[in-house]
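Biologist: Please walk me through the helix packing and the sheet of this protein. Short answers, please.

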Amino acid sequence: MRPYAGRFSLGLLATFGASVLDGVTIVLLVPLLKQLFGGEAAKVLTSGSAWLGRAVDNLLAPLIGGLPPSQAAGRIVLVLLAGLMVKNALSYTSNQISVAVQEGVVRDLRTRLFRHLLGIDLGLFQRTKSGQLISGIIVDADSAKAVVSAALASLFQNLVLILVSVVILMGMSARLTILTVATAPLLVLGMRVLLARLRRHSKVWADQRGELTATVAERISAIKLIRSYGTETLESQRFEEQATRYRKGIIRIQRFSSLTSPVSEVFGGCLIILIIWAATTPWITGGTLGPAETITFLVAALKMMSPIKSISQFPASMATAMASADRVFDLLDIPLTEADHPGEGTATFNRDLVFDRVSFRYPNGAPVLQDVSFSVSKGKVVALVGPSGAGKTTLLELLPRFHDVVAGEIRLDGIPLGKLTRRSIRSLLGIVSQDTVILNDTVSANIAYGRPRATRAEVEAAAAAANARDFIAELPLGYDTVLGERGTRLSGGQRQRIAIARALLRDPPILILDEATSALDTESERLVQQAIDRLMKDRTVLVIAHRLATVRHADEIITLDAGCVVERGTHAALLDRDGLYRRLHDLQFREVAASA
Ligand SMILES: Nc1ncnc2c1ncn2[C@@H]1O[C@H](COP(=O)(O)OP(=O)(O)OP(=O)(O)O)[C@@H](O)[C@H]1O
Ligand SMILES: [Mg+2]
């Protein structure tokens with residue numbers, strides 16, 4: 001809220017003005033009614049000791065003094081109208097300001113949430129349904145704004161309204177006012193009982209809403225799976241069950257919050273009867289209230305009902321808003337793991353990269369890597385091979401500090417990664433991963449993702465080197481064709497070549513290459529391999545190799561099995577050893593021979 005303090009105070013001021021004017025228009029009813037029905041021209045509101053009447057008299061005297069009742073009434077109506085107009089102008093202004101402040105707070109909250117999500121631990125994205133995160137940023141940030149509007153703006157407005165009303169009522173009859181106000185706690189207490197359980201229900205309900213979003217998001221991305229396994233009916237049934245649970249949650253909440261309206265309605269009716277009875281009972285009012293005062297008193301007292309009701313409903317509207325705010329702050333409270341720590345330096349790479357007895361396990365998972373040691377000198381190519389699940393991808397994900405090692409050290413030029421900022425490490429790395437991410441954007445934006453300021457010529461050169469030029473030329477709009485979810489889909493080999501072009505354009509000194517496991521036909525295989533060769537040229541490369549061609553040229557091959565290094569050496573040396581590498585090689589060689 002702090003950035004909006006100025007505007008917010010302005011809004012409160014406008015609200016205050018509007019509420020006071022609201023009271024003034026009510027007070028003016030008395031002289032108006034008297035002029036119309038009472039005929040007491042000059043003596044407007046001289047009702048016993050009521051100071052309000054005298055104040056109004058004094059104020060109105062210069063305006064209507066000595067005029068016949070019909071003209072006086074006309075003047076009062078003009079004043080009333082003017083007051084009404086100014087009041088509404090003020091409340092319009094305060095509404096506008098309140099919306100601006102509210103939406104500003106939502107925008108800030110949302111942006112902060114998004115920025116925060118970009119910095120939290122990767123593992124959290126695997127544990128949390130993305131729908132819950134989406135719901136947090138989109139829906140909960142929005143519902144949380146009610147805290148601003150309900151809590152601050154309308155609470156203040158209602159308090160001022162009540163205060164103004166009480167002043168007016170007191171000005172007409174102190175005793176009757178005390179009687180009226182004394183009933184208010186009854187209304188508030190009645191509401192309290194209803195609203196006690198609302199907040200807890202609201203949190204459950206917000207969680208369910210997140211689940212609903214999660215299901216939709218997940219199933220949309222799995223639409224081909226659903227179609228191919230014919231599970232449409234099953235999925236709709238499941239979704240219906242979930243939607244039904246959500247419905248029940250809302251009904252449960254509404255059971256309490258909807259009761260507030262009938263309760264206060266009945267209360268209002270009783271209050272009217274009470275006031276009329278008291279006003280016409282001399283020993284309560286002292287006989288000072290005429291019909292005009294009684295009507296005005298009634299109007300003012302009933303006018304007070306709505307703010308009292310709002311205030312007592314305040315916990316209800318706050319409950320749902322606070323439940324959303326809770327969820328938002330739960331997300332914001334997740335510690336940032338990406339943040340740089342003091343003392344972390346800038347990474348350089350001039351000499352070598354060393355994995356020194358590195359062990360790793362995923363949180364609450366079995367050990368994935370044990371005591372892995374090897375080093376890569378600048379300009380060399382090291383290939384990792386091994387059966388599926390051996391931990392190859394995990395090993396290479398330690399280098400950009402996607403995860404931190406559990407034991408051992410990875411050193412760049414002799415400095416442990418833990419002492420270097422993530423950003424500076426990553427700026428040295430080009431990563432081409434097992435599954436290529438294509439963003440919903442143009443071909444050129446996708447290639448230039450790591451270097452947004454690259455010129456078109458540079459993008460085209462990278463695409464050419466990645467053997468992507470020909471298929472891009474055949475796309476409907478060439479480099480301006482939109483790819484991804486709502487754009488043109490690419491084949492597996494084409495996606496890989498986009499990823500290679502992306503890495504080429506960034507031109508990193510160290511390349512991390514996790515070759516895709518999906519089989520390509522011989523022609524794309526050749527195109528992709530050529531692109532990879534160009535990408536590896538003059539670079540230090542750590543490659544998880546599935547292709548013979550890539551492995552053969554490696555300076556060292558490291559065979560990983562179940563998280564441990566089992567063999568290392570050159571292609572020729574490992575073939576001679578007749579171990580795991582030999583077996584993997586023979587398997588693949590047989591496949592290659594078979595497909596040739
Ligand atoms: N995010 C994760 N959380 C927990 N365990 C994981 C996670 N990612 C991978 N694993 C586990 O770690 C082990 C190694 O996985 P990894 O992806 O590194 O294998 P890989 O050698 O790259 O296999 P492939 O050749 O099939 O790509 C596997 O047993 C896997 O189940
Ligand atoms: Mg892998």
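Biologist: How are α4 and α6 oriented to each other?
Modeller: This is a predicted model, where local features need pLDDT (the predictor's confidence in each residue, 0 to 100) of at least 70, side-chain atom pairs count only at pLDDT 80 or more, and totals for chains, interfaces and linings use all residues. Residues are numbered from 1 along each chain as its sequence is written, chains are lettered from A and ligands numbered from 1 in the order in which they are written, and side-chain values use heavy atoms, without hydrogens and water. The axes of α4 (residues 69–117) and α6 (residues 130–143) come within 9 Å and cross at roughly 165 degrees; axes are lines fitted to C-alpha atoms, for helices over the stretch in contact, with angles from 0 to 180 degrees between N-to-C directions. Angles over 145 degrees count as roughly antiparallel, so α4 and α6 are roughly antiparallel.

Biologist: Which residue class supplies nine residues to the contact of α4 with α6?
Modeller: Contact means heavy atoms within 4.5 Å. From α4 come residues including Val-106, Leu-109 and Phe-114, and from α6 residues including Leu-133, Ile-137 and Ala-141. Ala, Val, Leu, Ile, Met, Phe, Trp, Tyr, Cys and Pro count as nonpolar, Asp, Glu, Lys and Arg as charged, and the others, Gly among them, as polar. One residue of this contact is polar, three are charged and nine are nonpolar.

Biologist: How are α17 and α19 oriented to each other?
Modeller: The axes of α17 (residues 456–465) and α19 (residues 492–506) come within 8 Å. They cross at roughly 125 degrees. α17 and α19 are therefore oblique to each other.

Biologist: Which strands stand at the edges of the open six-stranded sheet?
Modeller: Helices (H or I, at least four residues) and strands (E, at least two) are DSSP runs, numbered from the N terminus. Two strands pair if DSSP finds at least two bridges between them. The order is β6-β7-β8-β3-β9-β10, with mixed pairing. A single partner strand each leaves one side without a neighbour in the sheet for β6 (429–432) and β10 (564–569).

Biologist: In β9, what is the bridge partner of Leu-384?
Modeller: Strands β3 (residues 381–385) and β9 (residues 556–561) run parallel, joined by four bridges. Leu-384 has as its partner in β9 Ile-558.

Biologist: Over which residues does pLDDT stay under 50?
Modeller: The protein averages a pLDDT of 83, and 92% of the residues score at least 70. The stretch under 50 has 20 contacts beyond four places in sequence in the model. That stretch is residues 41–49.

Technical notes:
Angles under 35 degrees count as roughly parallel, over 145 as roughly antiparallel, 65 to 115 as roughly perpendicular and the rest as oblique.
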